[in-house]
Amino acid sequence: MYRGLLRPVLFALSPGVAHAMALAALSVLEANAALRKMVRGLLAPPEDPRIAVRVMGLDFPSPLGLAAGFDKNARCARALAALGFGHLELGTVTARPQEANPRPNMFRLPADRALVNRLGFPNEGAERVAARFGGIRATMTTPVGLSIGKSRAVLATDLQAVIADYQESLKWVGPVADFVVVNVSSPNTAGLRGLQARENALELLHTLQKGAPGTRILVKIAPDLSEGELEELLSVVEETAIAGVVATNTTMARVGLATEDRRVRAIGAGGLSGPPLRSRAVQVVERARARLGRQVAIVGVGGVERAEHVLALMRAGANLVQMYTGLVYEGPGAPARIARELLQRVDSSGARDLAELVRG
């Protein structure tokens with residue numbers, strides 16, 4: 001139904017308008033507990049321990065979650081959970097409220113089932129978003145993380161101001177989130193990716209970890225790092241003993257696309273997401289697991305649309321997996337469908353559970 005009827009209508013609109021309409025529809029669901037229960041019953045399979053995951057001391061009903069960026073202001077958490085996601089990552093939020101970068105700032109590449117965005121962390125500010133989410137947190141059983149980023153007004157060259165900015169966000173979101181993702185890898189905030197350099201990352205993550213003991217902190221990394229840069233950042237993860245990494249953010253690369261070059265050039269800058277990112281995400285997850293061992297949580301992100309993509313990231317070493325662009329192209333039934341596919345894979349393989357299937 002979605003691909004045949006709703007997607008053509010939504011794709012006739014600009015990506016920004018379509019996204020706003022999707023959030024409006026989810027807001028109706030968010031406000032009605034009976035409707036959420038009905039939707040969950042229709043879409044989501046019953047929770048099954050065979051595809052459950054336990055990591056970071058948290059229980060996830062399935063490994064598949066929603067990536068940050070879809071619900072930036074935590075307006076629809078309960079509605080999104082009702083679709084069958086095993087966890088949610090909301091945000092990214094910043095210490096200071098800020099608008100999106102100038103339009104146009106979102107683009108579809110249908111030939112590649114991909115998106116390009118250069119939104120730049122538009123959100124209502126960490127304090128307000130944390131207060132909204134905190135008000136409904138007790139009504140949810142699905143694990144929820146909040147992503148934090150640098151406020152645009154803070155110069156990336158002033159490391160102490162940047163750290164203070166992240167600390168302010170963490171102060172608000174840490175107490176209400178199950179985990180916090182430190183986004184230092186969006187290509188849409190000037191200078192942000194420089195925070196992945198070893199000395200910058202070490203000071204930032206050490207300060208955040210020290211100031212919020214007990215908070216599960218993960219860092220989100222770019223797929224465009226060189227192998228040497230990636231190893232240096234992973235060494236920081238080891239030294240700071242944070243909870244884990246999210247691999248990966250969107251890419252600035254435009255390699256191997258089916259979309260015609262003229263269209264790609266006309267779009268210009270921004271982060272590319274979807275299937276073109278899939279193989280690199282698997283590579284980064286594999287490298288991170290090899291370096292960090294089994295004690296650190298790894299969340300794999302990039303081009304997830306089906307169960308086989310979840311399994312590829314998990315076999316590379318991911319504990320959890322996230323999707324966003326796949327939701328745009330596959331529709332709201334995608335998370336529940338993928339959960340059912342995972343259960344079918346477990347059944348058909350003869351494995352006892354998903355963990356055994358992945359190991360096999």
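When I say helix or strand this morning, I mean a DSSP run, of at least four residues for a helix and at least two for a strand, numbered from the N terminus. With that in hand, I can place Asp48, which sits in the loop between α3 (33-43) and β1 (53-55). Please keep in mind throughout that what we are looking at is a predicted model.

Let me stay with Asp48 for a moment. Buried means under 20% relative accessible area, and Asp48, at 17% relative accessibility, therefore counts as buried. Leaving aside residues up to four places away in sequence, Asp48 touches Pro61 and Leu343.

From there I turn to another acidic residue, Glu30, which belongs to helix α2 (residues 15-30). Is Glu30 buried or exposed? Its relative accessible area is 7%, so Glu30 is buried. Again not counting residues up to four places away in sequence, Glu30 touches Arg36, Arg75, Cys76, Ala77, Arg78 and Ala79. Two of these neighbours deserve a closer look on your screens: the side chain of Glu30 makes a polar contact of 2.8 Å with the side chain of Arg78, and a polar atom of the Glu30 side chain also lies 2.8 Å from the backbone nitrogen of Ala79. As for Leu42, 12 residues away from Glu30 along the chain, the C-alpha atoms of the two are separated by 16 Å.

Now to the barrel. Eight strands close into it in the order β3-β4-β7-β8-β9-β10-β12-β13, with parallel pairing, and the twist from one strand to the next averages 25 degrees. On the outside of our discussion so far is helix α11 (residues 307-316), which packs on this sheet, where it touches β3 (64-66), β12 (297-301) and β13 (320-323), and the direction of α11 makes about 140 degrees with that of β13.

Within the barrel, I would like to use one pair of strands as an example. Strand β7 (residues 144-148) runs parallel to β8 and is joined to β8 by four bridges; Gly145 stands opposite Phe179, and Ser147 has Val181 as its bridge partner in β8. How many of the five residues of β8 are buried? The answer is five of five, so far as the cut-off for burial goes. In a regular strand the side chains alternate between the two faces of the sheet. In β8, Phe179, Val181 and Asn183 are buried on one side and Val180 and Val182 on the other, and both faces of the strand are covered.

Strand β8 also brings us to helix α7 (residues 198-211), because β8 (179-183) is among the elements that cover the buried residues of α7, together with α6 (159-173), β9 (217-221) and α8 (227-240). Helix α7 has 14 residues and reaches 20 Å from its first C-alpha to its last, close to the 20 Å expected at 1.5 Å a residue. Which residues of α7 are buried? They are Ala201, Leu204, Leu205, Leu208 and Gln209. Seen down the axis of α7, these buried residues fall within an arc of 120 degrees, so they line one face of the helix. An α-helix has 3.6 residues a turn, so residues three or four places apart point the same way. The face of α7 turned away from the buried side carries the exposed residues Glu199, Lys210 and Gly211.

Finally, there is a second sheet to look at. Three strands form an open sheet in the order β5-β6-β11, with antiparallel pairing, and its edge strands are β5 (106-109) and β11 (271-273), each of which pairs on one side only. Neighbouring strands of this open sheet are turned by 20 degrees against each other on average, direction ignored. Strand β6 (residues 114-117) and β11 run antiparallel and are joined by three bridges, and Leu115 has Ser273 as its bridge partner in β11.

Just beyond this strand, in the loop between β11 and α10 (278-292), we find Pro276. At 28% relative accessibility, Pro276 counts as partly exposed. Not counting residues up to four places away in sequence, Pro276 touches Asp112, Ala114 and Leu257. Where does Pro276 lie relative to Leu115? The two are 161 residues apart in sequence and 9.9 Å apart in space, C-alpha to C-alpha.

Methods: Residues numbered from 1 in each chain as written. Predicted model: local features only at pLDDT ≥ 70, side-chain atom pairs only at ≥ 80, totals over all residues. Heavy atoms only, no water. Buried < 20%, exposed > 50% of the residue type's maximum accessible area, 1.4 Å probe, protein only. Contact = heavy atoms within 4.5 Å. Pairing = 2+ DSSP bridges. Axes fitted to C-alpha atoms, helices over the stretch in contact; angles between N-to-C directions. Polar contact = N/O pair within 3.5 Å; in protein donor to acceptor, adjacent residues only side chain to side chain. Expected span 1.5 Å × (residues − 1). Arc of directions from axis to C-beta.
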